4 protein chains.
Amino acid sequence: MSEMLKVAVLGAKGRIGSAAVAAITAAPDMELVAALGRNDSLELLREHGAQIVVDLTVPDSTEANVHFAVEHGIHAVVGTTGWDAERLATLSELLAQHPESGVLIAPNFALGSVLATRFAAQAARYFDSVEIVELHHPRKVDAPSGTALRTAQLIAAARTAAGVPASPDATETELDGARGASVDGIPVHSVRLAGLVAHQEVLFGSHGEALTIRHDSFNHESFMPGVLLGVRTVGTRPGLTVGLDGYLDLEG
Amino acid sequence: MSEMLKVAVLGAKGRIGSAAVAAITAAPDMELVAALGRNDSLELLREHGAQIVVDLTVPDSTEANVHFAVEHGIHAVVGTTGWDAERLATLSELLAQHPESGVLIAPNFALGSVLATRFAAQAARYFDSVEIVELHHPRKVDAPSGTALRTAQLIAAARTAAGVPASPDATETELDGARGASVDGIPVHSVRLAGLVAHQEVLFGSHGEALTIRHDSFNHESFMPGVLLGVRTVGTRPGLTVGLDGYLDLEG
Amino acid sequence: MSEMLKVAVLGAKGRIGSAAVAAITAAPDMELVAALGRNDSLELLREHGAQIVVDLTVPDSTEANVHFAVEHGIHAVVGTTGWDAERLATLSELLAQHPESGVLIAPNFALGSVLATRFAAQAARYFDSVEIVELHHPRKVDAPSGTALRTAQLIAAARTAAGVPASPDATETELDGARGASVDGIPVHSVRLAGLVAHQEVLFGSHGEALTIRHDSFNHESFMPGVLLGVRTVGTRPGLTVGLDGYLDLEG
Amino acid sequence: MSEMLKVAVLGAKGRIGSAAVAAITAAPDMELVAALGRNDSLELLREHGAQIVVDLTVPDSTEANVHFAVEHGIHAVVGTTGWDAERLATLSELLAQHPESGVLIAPNFALGSVLATRFAAQAARYFDSVEIVELHHPRKVDAPSGTALRTAQLIAAARTAAGVPASPDATETELDGARGASVDGIPVHSVRLAGLVAHQEVLFGSHGEALTIRHDSFNHESFMPGVLLGVRTVGTRPGLTVGLDGYLDLEG
């Protein structure tokens, strides 16, 4: 019989943190050994024998949390934002001194979203045209969404690398804004509609055919399968992995 | 047994005109009595006993064609553009002198498109949010499409008449163009994609629900059922009708 | 200044009832005067001066509730199921004796769903083909959904009335179930998918074009605009109205 | 400057064959050296110096055509059906004796369809639920489509290999056919609608999210980019490749 994974959650009182606590508690192969809030000591991780820590805190504290974990032989699954190039470089150096430790830094734990972005990047070079339509609730303050920006950048990079020309477009007269925002040359359209949550369509087209990859995110529950996949995998992947897709098996 | 309708086509050599010739020839209740090109005399309509004429010519000749028909007791179904307010007023005066004659001026014969526009206008007042996404082939020179402009104007008018406030939108930072073009306050997004033909989605949303009305036009065959409906109906509707929806039975 | 409508809710402790209590409380033109559970006396409606009662109870008690309201000059907006032909006939007789009273019996308060069904019924006669795809969460026990059944029946009736032949279908070899269930001759396909809530697409097609009417219901909040519309309208519509669409303004 | 590829087409009079002739003629890096019909001798391939042959014939003749090509040092790109396991085995043996020759047997040249199928197979193990909706013109005689069957089989195999349980489904009462056909446990729904051509949606769902991969095929032009990709690649891939996805670069 396989042993239970001993897991701790940092940021356990937050909206996503408390969902993670519930998901880990419910997982048959995991034991929740600590659920820490902002004023709890990291020493509790050691006292409770955590093997893996899930960091869902804030940009200000995530770096110290992860360093503590690595230094004490605890693997880390990190959903907190704020990991810029400098922080990642410092973490890589630290991991070089602790070659058995694994860290996953994942800006997005929704498997469907991670897969949609990856598929879009892979398909990008094989079509004449590509545009993105993202649709969100009307309380969102930024347009386009961060996911749409990142998807467009990955698509543009893939097309440039493959030498694909710009999408054809004969528009001569345009009402300002009709053709969307241009993100590295990829048109992105942002819809804001009461009733919706977070949705994205990447539309590809060539003569005679179209391919559409759509992701719908209805609520934060969608992060939990990705968090559990991270917890189950991080102990077998020493070193630094950025992006949950690094843990996905996409062969075949 | 009902008699066959004797139908003539003007502009019979054009792309849509030749499709109309084929559709009328195939219709079991119609007899094609004349198929005229640009150099043929309108007198041929009388010689062949046309009861109904389908005008699919050009803006320069359509007014004279329709006046000729009205003056000779021939009903007219008109798909040609160029009928501005002045021409319509003149035609109404002429029809007042020929009270038995019927004329249908229809900018769009695709039943699905006509219904989609009408439903969108009816639904407009019952939702918090509304946006339009139209998608066309990349050879299109204008954005948004004429159909999208007209749909947005009808929606905006319906919402104003019902006292509905503007759609909620908390956008603070926007990449130029992301939120689309504003047509009377309705956001319209224009996608141009190889492989596509002509498509439009009207998206309505309120707390907890969304309604989407989508029309796909794949080719000009889609105009023919509307042309035949016009031919079958025009003789029973004396006077001027603008828009095919005036002939649709939408009760119940 | 217009006076506030004095509204009571029956079944106020239920999931939808409590949402109605919240919505009425928040409405600027309504005053919630009573929120009754199953053991509360209907006499409280009179004591608190209710002008309109919203019945969101159970099939066993709704008939008595509505009769009490009608007999005491209180208008009723009813979302409870169980109103068969016999109950409706009895209620009509009672209303004939109270000609100033209005009652709305609405099986569905989601405006988008009501509109989608109505538009589908109106469009039904104008297309060669029609099919329904409904998509729900996998905990649903019946397939197709009640809404899909009703939509298919209305579509079939409209096509029969207009003399439209059956949708073309050349299928010769079919894996059992592939072509869906036949509801009065209309194919209905039921998808059950984790993550979804309640969604329906009605697909119409003719040569060269397609019309799709899609409704997405994300949660019970979607019923509240319809409940409020019912409350605001019922006092001006004496007699019995079945279906919220009877209160919608769909001219023009 | 790179030399032109000398290409011949077999089955050049057929619908797809004649489109291939046009596409190859238009390609700036290819020279069409022969366009053969059913009565033309294969010796013409040698006489005209074909380096690559595109076989778009019929199941009865494709095997002999490909063997002739391999034996004469001509690479082959094959879109004809009828290549069962036995034929493939025989061809592999022949290729072992001609190690410089390349053959691509591709049941589907539409890049979008090939990518959609591959992405669906990759995503299959990461979601609780999966169903397929395929939509075609009403003249189609089989349901489900061959593409839907193959997609369902690949999805089922991927889920079995990863130990994923069956999609949840609480259906207790079902109108016969509502839940679709079961293909290796995957529900498949077949819509037949006038106006449509060939379309497929694979729907994945888990708690809180959904991923949809949709492919639309509007006409046979969609095969041509895949045919040209095959022609450009086959000379660099000695041996037998089955499926155009073997030529796609899907890393990263």
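## A parallel helix pair, a buried alanine and a two-fold

In chain D, helices α5(D) and α6(D) run roughly parallel to each other, because the angle between them is under 35 degrees. This comes from a predicted model.

Here is that helix pair, element by element:

| Helix | Residues | Contact residues |
|---|---|---|
| α5(D) | 111–123 | S113(D), T117(D), A120(D) and A121(D) |
| α6(D) | 146–161 | T147(D), T151(D), L154(D), I155(D) and A158(D) |

Sorted by type, the residues of this contact come out as five nonpolar, four polar and no charged. The packing angle is about 25 degrees, and the axes sit 8 Å apart. As for handedness, α5(D) and α6(D) make a right-handed crossing.

Over in chain A, have a look at A69(A), which belongs to helix α3, residues 59–71. A69(A) counts as buried because its relative accessibility is 0%, and the cut-off for buried is under 20%. Leaving aside residues up to four places away in sequence, A69(A) touches V53(A), I74(A) and A76(A). E172(A) is another story: 103 residues separate it from A69(A) in sequence, and the C-alpha to C-alpha distance is 58 Å.

Now for how chains A and B relate. A turn of 180 degrees with a shift of 0.0 Å along the axis lays chain B on chain A, with an RMSD of 0.1 Å. The two copies are therefore related as by a two-fold rotation axis. Within chain B, the residue that comes closest to that axis is G177(B), with its C-alpha at 1.9 Å. The copies also meet through the same surface, because 100% of the interface residues of chain B are interface residues in chain A too.

Notes. Residues are numbered from 1 along each chain as its sequence is written. Chains are lettered from A and ligands numbered from 1 in the order in which they are written. This is a predicted model: local features need pLDDT of at least 70, side-chain atom pairs count only at pLDDT 80 or more; totals for chains, interfaces and linings use all residues. Side-chain values use heavy atoms; hydrogens and water are left out. Copies are superposed by least squares on the C-alpha atoms of residues with pLDDT of at least 70 in both. Contact means heavy atoms within 4.5 Å. Helices (H or I, at least four residues) and strands (E, at least two) are DSSP runs, numbered from the N terminus. Buried means under 20% relative accessible area, exposed over 50%, partly exposed in between (1.4 Å probe, protein chains only). Axes are lines fitted to C-alpha atoms, for helices over the stretch in contact, and angles run from 0 to 180 degrees between N-to-C directions. Angles under 35 degrees count as roughly parallel, over 145 as roughly antiparallel, 65 to 115 as roughly perpendicular and the rest as oblique. A crossing is left-handed if the near helix is turned anticlockwise from the far one by less than a right angle, and right-handed if clockwise. Ala, Val, Leu, Ile, Met, Phe, Trp, Tyr, Cys and Pro count as nonpolar, Asp, Glu, Lys and Arg as charged, and the others, Gly among them, as polar.
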